[in-house]
Number of protein chains: 2
Amino acid sequence: MAHQAQNTLGDVAKAAGVSLATASRVLNGTASVGPALRDRVVRAAERLAYSPNAHAQALARSSSRTVGVICHDVGDPYFAGIARGVMRAASRHDLQVVLGSTFRAPDREVAYTAMVRGHRVRAMLIGSGFEDRERQKVLRRELDRYRATGGRVAVLSRHRGLRADAVLPENREGAADLARALLTLGHRRFAVLSGPTSLTTVVDRVGGFLEALAEAGVAVERQDIVEGPFTRDGGYEAAQRLIGRGLRATCVFASTDVMAAGALAAMREHGIDVPGDVSLAGFDDIPMVRDLTPPLTTVALPLEDLGERVLELTTLPERAGRTRTERVRGRVVLRESTAPFSEA
Amino acid sequence: MAHQAQNTLGDVAKAAGVSLATASRVLNGTASVGPALRDRVVRAAERLAYSPNAHAQALARSSSRTVGVICHDVGDPYFAGIARGVMRAASRHDLQVVLGSTFRAPDREVAYTAMVRGHRVRAMLIGSGFEDRERQKVLRRELDRYRATGGRVAVLSRHRGLRADAVLPENREGAADLARALLTLGHRRFAVLSGPTSLTTVVDRVGGFLEALAEAGVAVERQDIVEGPFTRDGGYEAAQRLIGRGLRATCVFASTDVMAAGALAAMREHGIDVPGDVSLAGFDDIPMVRDLTPPLTTVALPLEDLGERVLELTTLPERAGRTRTERVRGRVVLRESTAPFSEA
DNA sequence: AGCGGTACTGAAAGCGCTTTCTCATCCCGT
DNA sequence: ACGGGATGAGAAAGCGCTTTCAGTACCGCT
């Protein structure tokens, strides 16, 4: 599917009766060119519908204005929000974006980084994140190679041993804050809907939550921690299982809002009133949760902002040894899905 | 921010003690090379962490495995769903994606097409769509130039006078189906929450809805059609205004689910029961609407599927004169947000 | 008139790869 | 033993641009 001949800079130069060099200079504004010639070139370019070949430019300049973005799933509201922020910032910096969606498959993540490296992008934003040691090692090698050649890397959320600039949603602390807020409401028996423990995000959130409870002397039994896919239906199923085992908790924490949404549906189906019978809280504050009934208590993360910031990080001048880390504290938002509890 | 020297194919060739040509052939598998040399090349490439420069390849081959995707806003659940489909299909076809988000600004749309054209992508997917004649003319010119040089274009939803392969959600028919379903429920007085009439999608949906009503002899008064931004908050505000004017309709149609979600919130705030006091319906069937209370009646569009199909279109061999059009009929899904109505 | 600048413009050398051509070899049948 | 088709490998010509480097003109001065 080769492209047919496009007009090249050479054509433009010929049409304008100037040299290649001059045409290039006019179109890039890299040097002063006499107004007469300048005009002729601009006109010729317009007339020929000239569009500079980005590849040729990238090759000649050995640099590009492209960044690579790799995330788990653009379809997920979490990444959709982040992606929006990234796109906004990219457009502000006049950067192009090539996108990779791993669908949560670690090897696809590595494949994408390789591909993106091939594109000689000036920066790479990584928004996925796996606990898998082996994978992480491979990824790290890939990224080190990339950086060795001058590439920038910025990650969103924690990545094991990936020395890179990062925007860090404080999942651990946010979940802990939430736990404390729920304790304050009087809850003492909790259940947790966990996502796959292969995701760092999940590990941090669940870990932070349990830890804060533990500090208050509250333990969560193993059977009250249910794991499921990091999706709405994953939450639904996990909740089903929890309910099937006999729901004894007075408060359920879902490690992400989309799971909470699913859980809410499951509870409704089982005639369990939220927050009457049980309180429910999520994490992220994706837009839709305000519109659930009841609106969901959650830890608000400024998703779009996170996206913008991680992109911005790569535009900052590189710092010698140290990497930059921007921590973003989630804000606990208490809504109607959680109610005070007192031992009847 | 020039990249430092990466290992080039030349380095690999030298390290393997073969010519550039042979190295290229081995790495691309384009010709048979003796097993001994082949092995040396592969090893050398691995050792040097060689990553072919995609730009150089694109330039030399004058073709690339990249497609451009342009949409209004990846953050919107509608496009997020579609984007997911596109990414899935792209990964299946081993195609890279460069993404553009126009944030609903027509000139940004044109700018993106130009940029994407510069990338010599093999195909361009356009998911936006404006009624604006002037803009459309500019866009069309841009795309014609692109196609004149062998580029493929596929659009999602109707685009005025853009002769291109298309996946066409039948907005008009879907809205009409919905209207008829609502009529069957007994409703005779309707209100419409319209998005900006600069969007083709809006025009089609609202038009189809009203037309079907008209055919049944039901008219909607001008003041019962309220326009707002194509967002959740746009729906909220539009509903506010409608309520402010004195809501007389027994059924409200929002031209997109996200607006319906906002409208639902507004109604709840005003103590208007859905569907007790008024029925409410949307369009798209984005995942979240199942989880609203009440779950939303809507016209279901297979979003992810739409995305896959529009990408697939560009992978099909081009057809001489005629363009392909895949129509996708939305399916009316009646949920609890709509109730039968009978004149009390 | 002659000198040092200043301001423009062009020729040409790459950027890193693919892909014709060309040229050796090698193996086969006869 | 010899011609001829495979087969394997290299040289070199681009792909479309940017960017040194090397002028050429022309300006104001002395």
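**Two chains, two DNA strands and a shared sheet**

In this predicted model, the surface near DNA strand D is made up of 15 nonpolar, 12 polar and two charged residues. That gives 29 residues around DNA strand D, with A:Thr8, A:Leu9, A:Ala60, B:Ser32 and B:Gly34 the closest. Both chains chip in: α1 (9–16), α2 (20–28) and α4 (54–61) of chain A, along with α2 (20–28) and α4 (54–61) of chain B, each provide at least two residues of this surface.

Over at DNA strand C, 30 residues gather around the strand, and A:Ser32, A:Gly34, B:Thr8, B:Leu9 and B:Ala60 come nearest. Here the elements giving two or more residues are α2 and α4 of chain A plus α1 (9–16), α2 and α4 of chain B. Sorted by class, the surface near DNA strand C comes out at 16 nonpolar, 12 polar and two charged residues.

The two chains also meet each other directly, with 50 residues of chain A in contact with 50 residues of chain B. On the chain A side, α4, α5 (77–92), β2 (96–101), α6 (106–118) and α11 (257–269) each bring at least two residues. The biggest share belongs to α5(A), with six residues. As for chemistry, the side of chain A that touches chain B splits into 24 nonpolar, 17 polar and nine charged residues.

Strand β2 carries the pairing across that boundary: β2(A) and strand β2 (residues 96–101) of chain B run antiparallel and are joined by three bridges. A:Val98 has B:Val98 in β2(B) as its bridge partner. The pair sits within an open sheet of 12 strands with mixed pairing, ordered β11(A)-β5(A)-β4(A)-β3(A)-β1(A)-β2(A)-β2(B)-β1(B)-β3(B)-β4(B)-β5(B)-β11(B). At the edges are β11 of chain A and β11 (325–328) of chain B, each pairing on one side only. From one strand to the next, the twist averages 20°. Helix α5(A) lies across β1 (66–71), β2, β3 (123–126) and β4 of chain A as well as β2 of chain B, and runs at about 175° to β1(A).

Next to the chain A edge strand comes β5(A). Strand β5 (residues 165–169) of chain A has five of its five residues buried, so it is largely enclosed by the rest of the structure. In a regular strand, side chains alternate between the two faces of the sheet. Both faces of β5(A) are in fact covered, with A:Asp165, A:Val167 and A:Pro169 buried on one side and A:Ala166 and A:Leu168 buried on the other. One partner of β5(A) is strand β4 (residues 152–156) of chain A, paired in the parallel sense over three bridges, with A:Leu156 standing opposite A:Val167. Another is strand β11 (residues 325–328) of chain A, also parallel to β5(A) and joined to it by four bridges; there A:Pro169 is partnered by A:Val328. In chain B, strand β5 (residues 165–169) and β11(B) run parallel with four bridges between them, and B:Pro169 has B:Val328 as its bridge partner.

Finally, the largest nonpolar core holds 182 residues, of which A:Leu125, A:Ala263, B:Leu125 and B:Ala263 touch the most other members. Leaving out neighbours within four places in sequence, the contacts of A:Ala263 are A:Leu193, A:Gly235, A:Tyr236, A:Ala238, A:Ala239, A:Val252, A:Ala254 and A:Leu280.

Conventions. Residues numbered from 1 in each chain as written. Chains lettered and ligands numbered in written order. Predicted model: local features only at pLDDT ≥ 70, side-chain atom pairs only at ≥ 80, totals over all residues. Near = placed C-beta within 6 Å. Nonpolar A, V, L, I, M, F, W, Y, C, P; charged D, E, K, R; others polar. Buried ≥ 20, exposed ≤ 12 C-beta atoms within 10 Å, placed from the backbone. Pairing = 2+ DSSP bridges. Core = buried A, V, L, I, M, F, W, Y, C linked by C-beta atoms within 7 Å. Contact = placed C-beta atoms within 7 Å. Axes fitted to C-alpha atoms, helices over the stretch in contact; angles between N-to-C directions.
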